[in-house]
Amino acid sequence: MRLSGSGLRCVRGGREVFVGLDVMAESGRAVAITGPNGAGKTSLLRLLAGLLAMAGGSIGLEGGDPELTLPEQAHYLGHRDALKPALTVNENLSFWRDFLGGGKSGESDALAAVGLDHVAHLPAAYLSAGQRRRLSIARLLAVKRPVWLLDEPTSALDVTGQAAFAAIMTGHLAGGGIVLAATHTPLGIAVQELRIGRTA
């Protein structure tokens, strides 16, 4: 499988964020998208996820399901943890599983993988910032999709959480998955770097 973008142009609020940008990621590979604040890292991920309209260029996914679009085969994990505070940990994960079209099971294994199985009954409002991030990561495991688009995925995670997430990403890549992550810090896995924006 190969995800590619060619000559991408993004305009937001009347400002050209980037133009002529090329991106490529293959099965089993991770790409770290780096660059200064405002360079367009988040915009690139949102564009690939279908959340922003392209002002130019093209995007393709070779080797995926021909009946599905790239956004339908990708997980987008943004800055914010999209959780409902009044719902329990398990209910939040069940909501996302249903919304994303997953199977009728998988929550317990996903929560165990991120170390939250012991708080599955608690409202999400009771979670720490790191636990909320781990619950968001559990979405990646509860519903299988080959492409992961991750925006600062290790934010709020402690050292143990970062190591656990590195192992989760390693497993995804070993299964032929693709990871593109906007990050300012090392991910703990081997990556190819795509630097965007000004260097000075």
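Start by selecting Arg 2 and Glu 62: their side chains form a salt bridge, and the closest N and O atoms are 3.2 Å apart. Arg 2 belongs to strand S1 and Glu 62 to strand S4, so this pair ties together parts of the chain that lie 60 residues apart in sequence. Colour both by accessibility and you will find Arg 2 partly exposed, at 32% relative accessibility, and Glu 62 also partly exposed, at 43%. Keep in mind as you go that you are looking at a predicted model.

**Stop 1: the sheet around that pair**

Now switch to a cartoon view and show the strands S2, S1 and S4. In that order, these 3 strands make up an open sheet with antiparallel pairing. Which strands stand at the edges? They are S2 (15-26) and S4 (56-62); each has a single partner strand, so one side of each is left without a neighbour in the sheet. From one strand to the next, the twist averages 15°.

Zoom in on S1, residues 2-12, and its pairing with S4: the two run antiparallel over 6 bridges. For one example, select Leu 3, whose bridge partner in S4 is Leu 61.

Next, add helix H1, residues 41-48. H1 lies across S1, S2 and S4, and runs at about 120° to S1.

**Stop 2: more salt bridges**

The model has 4 salt bridges in total, and you have already visited the one between Arg 2 and Glu 62. For another, select Arg 9 and Glu 16, where the closest N and O atoms are 2.7 Å apart. Glu 16 is partly exposed at 39% relative accessibility, and Arg 9 is partly exposed at 30%.

Then move to Asp 81 and Arg 133, whose side chains meet in a salt bridge at 3.6 Å, N to O. This pair links distant parts of the chain: Asp 81 sits in the loop between strand S5 (74-77) and H2, while Arg 133 is in helix H4, 52 residues apart. Are the two partners buried or partly exposed? Asp 81 is partly exposed, with a relative accessible area of 22%, whereas Arg 133 is buried, at 1%.

**Stop 3: Asp 151, a buried acid**

Keep Arg 133 on screen and add Asp 151, which is in contact with it. You will find Asp 151 in strand S6, residues 147-151. Asp 151 is buried and yet has no salt bridge. Which side chain of opposite charge is nearest to Asp 151? That is Lys 41, 7.2 Å away, while the cut-off for a salt bridge is 4 Å between a side-chain nitrogen and a carboxyl oxygen.

What does the side chain of Asp 151 make polar contacts with? Draw a distance to the side chain of Thr 42 and you have a polar contact of 2.6 Å. Draw another to the side chain of His 79, and there is a polar contact of 3.4 Å. To see the wider surroundings, leave aside the neighbours within four places in sequence and display the residues in contact with Asp 151, including Leu 45, Tyr 76, Leu 77, Gly 78 and Ala 182.

**Stop 4: helix H2 and its packing**

Select helix H2, residues 89-99, and show the side chains of its buried residues: Val 89, Asn 92, Leu 93, Ser 94, Trp 96 and Arg 97. Bring in helix H3 (107-113) and helix H4 (129-142), since these are what the buried residues of H2 pack against. Following H2 is Gly 101, with a positive phi near 80°.

While you are in H2, pick out Ser 94. Ser 94 counts as buried at 17% relative accessibility. For a sense of scale, draw a line from its C-alpha atom to that of Thr 160, which is 66 residues away along the chain: the separation is 25 Å.

**Stop 5: two positive phi values in one loop**

Last, go to the loop between S6 and helix H5 (159-174), where Glu 152 is found. Most residues other than glycine have a negative phi. Glu 152 is not a glycine, yet its phi is positive, about 45°. Glu 152 is also buried, with a relative accessible area of 14%.

Step along to Ala 156, found in the loop between S6 and H5 as well. Its phi is near 80°, again a positive value in a residue other than glycine.

Notes
Residues numbered from 1 in each chain as written. Predicted model: local features only at pLDDT ≥ 70, side-chain atom pairs only at ≥ 80, totals over all residues. Heavy atoms only, no water. Pairing = 2+ DSSP bridges. Helix = DSSP H or I, 4+ residues; strand = E, 2+ residues; numbered from the N terminus. Axes fitted to C-alpha atoms, helices over the stretch in contact; angles between N-to-C directions. Contact = heavy atoms within 4.5 Å. Buried < 20%, exposed > 50% of the residue type's maximum accessible area, 1.4 Å probe, protein only. Lys, Arg positive; Asp, Glu negative; His and termini not counted. Polar contact = N/O pair within 3.5 Å; in protein donor to acceptor, adjacent residues only side chain to side chain.
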